[in-house]
Amino acid sequence: MKVAIRHYAFPTYEMQLPLNWLADPYKNKNWRHHLNSLRWLSGIHGLVEKKKVLVDFYRQHCVKKKRNPFYSTMQGDHTAAIRVDIFLTLKRLFLEKGLTSGVGICNRLLQEELKNLQRKEMYRTGHNHGMMVDLAILEACEVEPNLTKFVDIDLVLKRSSRTLGEMWSLSGYTKEHSISYQEYNLPLTISYFEKLVSLGFDSSSFIQEDFLKNETKRILGYSLRASGEYFPVGDSFRQPNRKILRSVYPENSKGIDSPSQILAPYSMEKGCVVKEGLVIRKWQGKYNKLMHIIVTCGWNSFSHKQNDEFSFCFDVDGVPIFDDAGYSTACSKQVTDFLKSENAHSNFSLKNYAWSDKKVPDGNSILETFCSPESSDSECGIQKINMQHGRFSGLTATRDVVFNDHGFRIIDGLNSKAENSCRDVDESLVICHRFVLSPDVSVEITDDSVMLKSDGVICSLSFEFGKASVIKIPWVSKEKHKIFETNAIQIVSQRNVRDRPLNYFSVEVLNGD
């Protein structure tokens with residue numbers, strides 16, 4: 001029997017039973033996840049054919065115990081959670097149609113999968129995948145109470161409560177460094193609370209659902225550009241998930257499909273949001289220009305962390321000027337690695353200095369804000385952001401962002417860490433500053449400035465040290481599987497760390513009328 005595996009981002013791939021569950025025709029882990037999740041079975045029309053695939057999966061993984069990272073390791077946690085829902089859905093379908101052999105294979109697969117999901121090798125504490133795993137187990141117990149005998153409920157409740165506490169900060173911001181995961185983790189959390197109530201269990205979490213819903217709405221609303229896309233900070237897709245927004249905020253979405261309306265009033269007002277490692281600011285500047293910026297610097301967890309300390313995106317009158325390379329789950333490993341690297345963001349790096357492992361806590365990553373005492377409650381009073389990180393061995397990197405009516409000023413610095421002698425650090429450092437541009441921005445470079453133009457908006461980027469050039473980098477569009485190119489300004493300078501060098505940049509919005 002031949003089956004076709006369909007995925008929206010890849011060509012259809014055909015295989016013959018018995019299937020090769022380790023197949024990787026497109027060298028992409030998202031496709032392998034899709035194959036082993038069995039979601040593609042919805043495209044197989046015959047019930048007998050669906051059952052044959054399930055039998056093959058059972059024989060290879062539960063009888064022959066063939067090694068597959070998407071079945072027996074943490075790499076397959078999300079994959080396995082999806083399979084539980086597939087098995088429950090197909091069992092209902094087999095029951096309706098009277099295919100008892102289909103019901104039987106689903107029962108065996110459910111029992112094996114529930115045991116599988118309770119193993120510590122399959123669980124990521126503090127990660128949304130951990131929450132997905134526990135939700136899948138609780139869902140199975142809710143739909144089929146007889147499956148509870150295969151579940152250690154105390155284990156599931158304890159680890160899920162811990163994971164929930166590690167997924168969210170007290171301020172309601174996700175610890176997964178991402179606008180998309182702020183959006184994605186909210187319905188998971190709401191569903192978790194609903195499952196506890198349905199099964200008669202109490203929640204011991206500090207998270208309050210109403211508070212989390214409102215803070216998420218603020219963060220998402222302020223992160224929404226005039227184009228209707230999110231700022232792509234961290235592992236964030238540009239396109240809002242309308243299905244999630246409508247389900248979480250039904251009172252705002254009756255008869256409307258616009259994320260801007262669903263996330264009102266936050267999507268439409270000026271002001272600011274300050275969270276752990278994140279600042280979003282929207283203000284009216286000179287020439288009546290509406291300026292919108294997002295800045296990030298922090299290490300909140302190992303989940304979805306990128307080398308994006310100091311990175312920012314900046315729009316003027318709804319026109320993207322400084323952007324981010326974006327995020328995709330449907331590209332090559334080479335592109336995926338690039339998108340997570342320091343080279344995909346508007347920050348700076350040092351020649352011959354690798355960034356430290358992003359999975360290891362950086363106790364030096366700090367973001368602080370300073371407000372104007374004269375500011376009113378209706379306007380954002382943040383005038384300055386101070387940031388630092390210790391991702392370079394032996395050095396502390398700093399960036400200050402100072403706002404004004406024309407735009408903002410950037411002051412970047414390097415200091416030898418107190419516990420290290422300057423002798424341990426190269427005195428002469430080659431510093432590479434990058435400023436990622438939106439694809440529609442045109443560039444004109446002079447000796448000490450760069451003129452940026454797009455859709456009637458004109459900005460200047462001026463600098464005091466170094467030489468500027470334009471490089472091409474990958475850029476992910478709102479169609480997350482499509483990779484294009486955009487320009488990035490690269491400014492390279494050579495400085496002496498003993499001088500505690502400062503690099504000054506000024507972003508000024510000009511009158512384009």
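Start with Pro265, which sits in the loop between α11 (259-262) and β3. The model on screen is a predicted one. Select Ala264 together with Pro265: the peptide bond between them is cis, with omega about 5°.

**The five-stranded sheet**

Move on to β3 and its sheet. This is an open sheet of 5 strands in the order β3-β4-β5-β6-β7, paired antiparallel. Its edges are β3 (271-275) and β7 (319-322), each of which pairs on one side only. Averaged over neighbouring strands and ignoring direction, the turn of one strand against the next is 15°. Select residues 278-284 to show β4, which runs antiparallel to β3 and is joined to it by 5 bridges. To see the register, pick Gly271 and look across to Lys282 in β4. Then add residues 209-223: this is helix α9, which packs on the sheet and touches β3, β4 and β5 (290-296). The direction of α9 makes about 120° with that of β3.

Follow the chain from β5 to the loop that leads to β6 (312-316), where Phe310 is found. Phe310 has a positive phi of about 80° although it is not a glycine. With a relative accessible area of 1%, Phe310 is buried.

Next select Val509, in strand β19 (residues 502-510). Is Val509 buried or exposed? Its relative accessibility is 2%, so Val509 counts as buried. Beyond residues up to four places away in sequence, Val509 touches Tyr287, Lys289, Met291, Phe314, Val316, His406, Ile458 and Cys459. For a sense of scale, draw a distance from Val509 to Tyr123: the C-alpha atoms are 48 Å apart, and the two residues are separated by 386 places in sequence.

**The N-terminal hairpin**

Go to residues 2-7 and 10-16, strands β1 and β2, which run antiparallel and are joined by 5 bridges. The hairpin connecting β1 to β2 uses 2 residues. Within the pair, Ala4 has Glu14 of β2 as its bridge partner. Past β2, in the loop leading to α1 (29-37), select Pro18. The peptide bond from Leu17 to Pro18 is cis, with omega about -5°.

**Helix α5 and what covers it**

Select residues 100-117. At 1.5 Å a residue, the 18 residues of this helix, α5, should span 26 Å, and the 26 Å between its end C-alpha atoms agrees with that. Colour the buried residues of α5: Gly102, Val103, Gly104, Ile105, Cys106, Leu109, Leu110, Glu113, Leu114, Asn116 and Leu117. Which helices cover them? The cover includes α2 (47-63), α3 (69-72), α4 (77-97), α6 (128-143) and α7 (153-167).

Show α2 beside α5. Their axes come within 10 Å and cross at roughly 35°, and the crossing is left-handed. On the α2 side, the residues that meet α5 are Lys51, Leu54, Val55, Phe57, Tyr58 and Cys62. They face Ser101, Gly102, Ile105, Cys106, Arg108, Leu109 and Glu112 in α5.

**Helix α6 and its two neighbours**

Now centre on α6. This helix has 16 residues and reaches 22 Å from first to last C-alpha, close to the 22 Å expected. Of its 16 residues, 13 are buried, so α6 is mostly covered.

Add α4. The axes of α4 and α6 come within 8 Å and cross at roughly 20°; the two helices are therefore roughly parallel to each other. From α4, the contact is made by Asp77, His78, Ala81, Val84, Leu88 and Arg92. From α6, the contributors are His129, Met132, Val133, Ala136, Glu139, Ala140 and Val143.

Swap α4 for α7. Here the axes come within 9 Å and cross at roughly 145°, in a left-handed crossing. Among the residues that meet are Ile137 and Leu138 of α6 and Val156 and Leu164 of α7.

**From α7 into α8**

Select His177 in the loop between α7 and α8. Its phi is near 55°, a positive value in a residue other than glycine. At 8% relative accessibility, His177 counts as buried.

The last stop is Thr189 in helix α8 (residues 179-199). Thr189 is buried, at 1% relative accessibility. Leaving aside neighbours within four places in sequence, Thr189 is in contact with Leu164, Met167, Trp168, Ile207 and Leu212.

Note on methods: Residues numbered from 1 in each chain as written. Predicted model: local features only at pLDDT ≥ 70, side-chain atom pairs only at ≥ 80, totals over all residues. Heavy atoms only, no water. Helix = DSSP H or I, 4+ residues; strand = E, 2+ residues; numbered from the N terminus. Expected span 1.5 Å × (residues − 1). Buried < 20%, exposed > 50% of the residue type's maximum accessible area, 1.4 Å probe, protein only. Contact = heavy atoms within 4.5 Å. Pairing = 2+ DSSP bridges. Axes fitted to C-alpha atoms, helices over the stretch in contact; angles between N-to-C directions. Parallel < 35°, antiparallel > 145°, perpendicular 65-115°, else oblique. Left-handed = near helix turned anticlockwise from the far one by under 90°.
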